[in-house]
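Visitor: I am new to this structure and would like a close look at a single part of it. Could you take one pair of packed elements as the starting point and work outwards from there?

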2 protein chains.
Amino acid sequence: MATPQEHLLDWLKDAHAMEQQAEKMLSAQAERLEHYPQLRGRIEQHIEETRGQRELLESCLQRLGSSASTFKDLSAKVMAFGQAMAGMTVSDEVVKGAMSGYVFENMEIASYTVLIAAAKEAQDVQTQQACEQILEQEVAMAQWLREHLPQITAAFLQRSLSPDTEAKR
Amino acid sequence: MATPQEHLLDWLKDAHAMEQQAEKMLSAQAERLEHYPQLRGRIEQHIEETRGQRELLESCLQRLGSSASTFKDLSAKVMAFGQAMAGMTVSDEVVKGAMSGYVFENMEIASYTVLIAAAKEAQDVQTQQACEQILEQEVAMAQWLREHLPQITAAFLQRSLSPDTEAKR
């Protein structure tokens, strides 16, 4: 038994941890990419967006009376997901990286979709609007990745054919 | 250095492992759901689709000369993801379950998007068509989950308010 406000606060903390993890994963990914400048550029743009999202979530949390020090640590679950995805980045690193970026974006899309519904139930218009604003950026990033996955895959496969070209990053 | 055909075969094996994992996760989820019949019904429908997808992948693998016995075991990564998601199903199980279902569908969407591009590079029309057919079902399931997440969340929050009602499943 819990109120919508309590669930909302709990889920906002999860989202904050998720954005911290996103920033780490995206930074690691962008740093390693060498031969896929368009993908790297889009990821770097999203790192900036992600920082803004984290700050927006922090302002929601503060307004709801949760101080920065009580933010949940990166949850073991999100970490496990990140590690599972990071472990995938081997010989086909750029492809698996773009795939896991897309999957992570969709985890964020699911989270903000739930948060928006919870904010409505809790009649918290400010949190609702913040989450709607963030959701829009996540959807745009997910869409970009899905649209570009075929050409990233084709470029990777073509580079893989040549013995003198590094394909994976 | 590897050919598109080699990468395609490797990724098809990953997809096969992923569908095996999907079947397990979806079955566990459907079995536990009690108070959300619409969600349960849609998951049960997708379990049937998932079985068909696994068989379609098996026929592609066999055509490419990979016998059933050489299928990769469920990869540690997909397992880790599944466990991470399963671990999330606690007091807000139905919400986190629907979210993780959506995320898993999007992992599948990313996989088939890559497989279609790889099949094109490998000029393997049959595999391409099989993956296009599967992709359509994954997109429909993902869309259903995203469209229904707000009402699942609202129903969960309303049930959570009452001390006599079980909300989580």
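**A helix pair and its surroundings**

Guide: In this predicted model, helices H4(A) and H5(A) pack against each other at an angle of about 160°, and their axes are 8 Å apart. Since angles over 145 degrees count as roughly antiparallel, the two helices H4(A) and H5(A) are therefore roughly antiparallel to each other. The crossing that H4(A) and H5(A) make is left-handed, and the residues in the contact of H4(A) with H5(A) divide by class into 19 nonpolar, 6 polar and 6 charged.

To place this pair within its chain, it helps to step back for a moment. Chain A holds 5 helices and 0 strands, so that, read from the N terminus on, the order of its elements is α-α-α-α-α. Of the 169 residues in chain A, 46% are buried. If one takes the contacts in chain A between residues at least 6 apart in sequence, 77% of them join residues at least 24 apart.

Between the two helices of the pair comes a loop, and Gln123(A) has its place in this loop between H4 and H5 of chain A. Gln123(A) has a phi near 50°, which is a positive value in a residue other than glycine. With 10 other C-beta atoms within 10 Å, Gln123(A) is exposed, because a residue counts as exposed if 12 or fewer such atoms lie within that distance. Chain B has a residue to set beside it: Gln123(B) is found in the loop between H4 and helix H5 (125-160) of chain B, and its phi is likewise near 50°, a positive value in a residue other than glycine. Gln123(B) is also exposed, with 10 other C-beta atoms within 10 Å.

From H5 the view can be turned towards another helix of chain A, by way of one residue. Leu56(A) is found in helix H2, which covers residues 37-63 of chain A, and if its neighbours within four places in sequence are left aside, Leu56(A) is in contact with Ala130(A) and Ile134(A). The C-alpha atoms of Leu56(A) and Cys131(A) are separated by 8.6 Å, although the two residues are 75 apart along the chain. Leu56(A) is partly exposed, having 19 other C-beta atoms within 10 Å; a residue would be buried if 20 or more lay within that distance.

A little further along the chain, Gly65(A) lies in the loop between H2 and H3 of chain A. Gly65(A) counts as exposed, with 8 C-beta neighbours inside 10 Å. The C-alpha atoms of Gly65(A) and Leu9(A), which are 56 residues apart along the chain, are separated by 9.4 Å.

The helices of the pair also take part in the meeting of the two chains, where 34 residues of chain A are in contact with 34 residues of chain B. On the side of chain A that touches chain B, the elements that give two or more residues are helix H1 (4-32), helix H3 (76-87), helix H4 (93-121) and helix H5 (125-160) of chain A. H4(A) gives the most to this side, with 13 residues. Taken by class, the residues of the side of chain A that touches chain B are 22 nonpolar, 8 polar and 4 charged.

One contact across the two chains deserves its own description. H5(A) packs with helix H4 (residues 93-121) of chain B at an angle of about 40°, their axes being 9 Å apart, and H5(A) and H4(B) are therefore oblique to each other. The crossing of H5(A) and H4(B) is right-handed. H5(A) makes this contact through Arg146(A), Leu149(A), Pro150(A), Thr153(A), Ala154(A) and Leu157(A), while H4(B) makes it through Ala110(B), Thr113(B), Val114(B), Ala117(B), Ala118(B) and Glu121(B). By class, the contact of H5(A) with H4(B) has 8 nonpolar, 2 polar and 2 charged residues.

Finally, there is the relation between the two chains as wholes. A turn of 180° with a shift of 0.0 Å along the axis lays chain A on chain B with an RMSD of 0.0 Å. The two copies are thus related as by a two-fold rotation axis. Of the interface residues of chain A, 100% are also interface residues in chain B, so the copies meet through the same surface.

Definitions and conventions: Residues numbered from 1 in each chain as written. Chains lettered and ligands numbered in written order. Predicted model: local features only at pLDDT ≥ 70, side-chain atom pairs only at ≥ 80, totals over all residues. Contact = placed C-beta atoms within 7 Å. Helix = DSSP H or I, 4+ residues; strand = E, 2+ residues; numbered from the N terminus. Nonpolar A, V, L, I, M, F, W, Y, C, P; charged D, E, K, R; others polar. Axes fitted to C-alpha atoms, helices over the stretch in contact; angles between N-to-C directions. Parallel < 35°, antiparallel > 145°, perpendicular 65-115°, else oblique. Left-handed = near helix turned anticlockwise from the far one by under 90°. Least-squares fit on C-alpha atoms with pLDDT ≥ 70 in both.
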